[in-house]
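Student: Could we zoom in on just one thing, the salt bridges? I'd like to go slowly, residue by residue.

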Amino acid sequence: MSPEPVRVGRKRPLPSCPNPLFLLWLTEMRDHAKEKGLKTQYVYQKAINSLKKYPLPLKNGKEAKILQNFGDGICKILDERLQKYYRENGVDASVHKLPSGPSQTCFTNVAPPKPSSASSKDPSREGETNMRKAGGDAGNEKGGKKKREYVPQKRSGGYAVLLTLYRHSQLPGSKGFMFKNELQTEAQSLCDKSFTVPEPSSKYTAWSSVSTLIQKDLLLKTHNPARYSLTELGLALAERLESGERGRNDGQEEQERSEAEDSGDRPVTVVLTVDEDKDDEHEGEDSCSTSEAPTTAVTETRAEIIGPSSGLSGKCQASAPVGEHLLPGSYDIVLCVDFIETTGGNTARKQELVKELQRNGVTFDIRKLNVGDFLWVAREKVTPVPGQLRPPVAKELVLDYIIERKRMDDLCGSIMDGRFREQKFRLKRCGLHKPIYLVEECGLAAAHMSLPESTLQQAIVNTQVVDGFFVKRVQDVKESAAYLTVMTRYLQKLYQNCTLFCHSRELEGNGYFEVENGVTERENPRCSLISFTEFNYGAVKNKCQTVRDVFARQLMQISGISGDKAAAILEHYSTVSSLMKAYAQCATEAEGEKLLSSIKYGKLKRNLGPALSRTIYQLYCTRGPLS
């Protein structure tokens, strides 16, 4: 008798899910959530797994609440789907088997629920809403309907950002992008909410809408620090918003003109700014005098606004690009003191400086400065807005003067640990053109320092003669406070009739802001300045460094290579890789040693020299230890 064949696999099939309709609906919801990239897909998948394991039939969604991963939101969705199913297939329709008609998938036909405040906080309802939107989008694609375009609401954060970037891109000499701080400042007048301070009942500001613009491919964010610019879609949308804005403004002007003609009142109209600068019209109202003459409309450019009384040269007026500016009388000159100068160490001596400044009546502000100990800013005068808790954020432009204060004992310590060279290098690169070293004597303590006095005196002379810094020597803290007081009052007098323009450090060296030859700084102070936010961020010591920055720091560790010499080398070879490629192309070792010898550096354009060139070659090309 032949043996019975062995059966392979399961002896009986697994039982099917007793709730196939619920399983179908949950699967549809999961798939739609997955297509949209929503995290609710994982919630639905957990519910599906629980439903597959449950062996008993369910009559409605409320009974499913006993299952794991079934919350109030999912149960309510199932009950709504079930009611829709009953309306289409009859009250006696079975829920434990799939229908055989076209109503098998009635998901896309479900009417959306009425919006409620609670639904926005319930993740299950949010998933339901997203699923229905997804189903609606699929239906729209089949019906040939277009997806609704995103348009920011008027005077919202996104609206203000798009308009500001568009107007900036239309200006002559525009760099094509804006930094965060200048974008927030310029866009604030076009937005009802603050870009920096959240509402009392919310943690979001108007700036939060920027992420939506980036997600919608309307805004492009690049570089570090971040630069914001419009994409092609964003430019097209901004053009439409701008045309709508101009249409409204034209209608308002026509209405006001007709009302003035009807009433017979003809006030004097003096237009002092171009269209792009309507935000600053109120700043110049005090300086405009009215008369009883007939109606006159005067349109002037920025160069004419400055006028001869400001003392600025014609070249500076004509060359400065149109942008953010501060008119004479609309700002105060304020001394900024680094908080390190008031805290830590010998606190009593540092507090003496603050007391002396207060006694002299100097307006100063204590804040964190990433480079230097003292500098001056032109701070815009702002008035509180009725109905707002905080006054508007004032514009701050950094004047060209920055002071590094050194006591003789501190100078000694900084020379020994290498901080002295690094500080001078950072001061040269900070973007301000008038660096000052304030050297303070320390009396009898100079005899007990680690370096001889002659070495310290030589370092001070080198700072002035070689590095080009202005050095001011004082005896004690009181003289330091007196010098800061005199400088503050001098700068207040120097800039009292100047219109100050804000520009980015990206525009440095393009010839926009050069002063005419033969005109001294006393007659023509620098009128194009950088904002304090950009200055302080650019001076961060431990920020993310590029390969070029690291290469520069490497070079400056070599004895005899100053900041000027390192910068000259970087102009020819910006990275170690480019320098090594140049060395590899040299036919002989002697040619490699002389590769950098003819590079010019500094104001006098001297050669780097064969000695330093040979040292650098040996450092990067010697495989073994240096002898």
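Tutor: Sure, let's start with Asp332, which is partly exposed at a relative accessible area of 38% (buried is under 20%, exposed over 50%, partly exposed in between, using a 1.4 Å probe and protein chains only). Keep in mind that this is a predicted model, where local features need pLDDT of at least 70 and side-chain atom pairs 80 or more, while totals for chains, interfaces and linings use all residues. Residues are numbered from 1 along each chain, and side-chain values use heavy atoms, leaving out hydrogens and water.

Now find the partner of Asp332. Asp332 forms a salt bridge (a side-chain nitrogen of Lys or Arg within 4 Å of a carboxyl oxygen of Asp or Glu) with Lys381, and their closest N and O atoms sit 3.7 Å apart. Asp332 belongs to strand 7, while Lys381 is in the loop between strand 9 (374–380) and strand 10 (396–407), so this pair ties together parts that are 49 residues apart in sequence. Helices (H or I, at least four residues) and strands (E, at least two) are DSSP runs, numbered from the N terminus. Lys381 is partly exposed too, with a relative accessible area of 46%.

Next, move along the chain to Lys428. Its salt bridge is with Asp467, and here the closest N and O atoms are 3.6 Å apart. Lys428 is in helix 13 (residues 419–428) and Asp467 is in the loop between helix 14 and strand 12 (470–474), so once again a pair ties together parts of the chain, this time 39 residues apart in sequence. As for its surroundings, Lys428 has a relative accessible area of 33%, so call it partly exposed.

A third pair to look at is Lys175 with Glu182, with 3.5 Å between the closest N and O atoms. Check how open each partner is. Lys175 has 21% relative accessibility, so it counts as partly exposed. Glu182, on the other hand, is buried because its relative accessible area is 13%.

Salt bridges can join up, too. Here Asp365, Arg367, Arg379 and Glu396 are linked in a network of them. Try picking out those four side chains in the view: Asp365 and Glu396 are linked into the network along with Arg367 and Arg379.

And how many salt bridges are there by this rule? The count comes to 26, including Asp332 with Lys381, Lys428 with Asp467 and Lys175 with Glu182.
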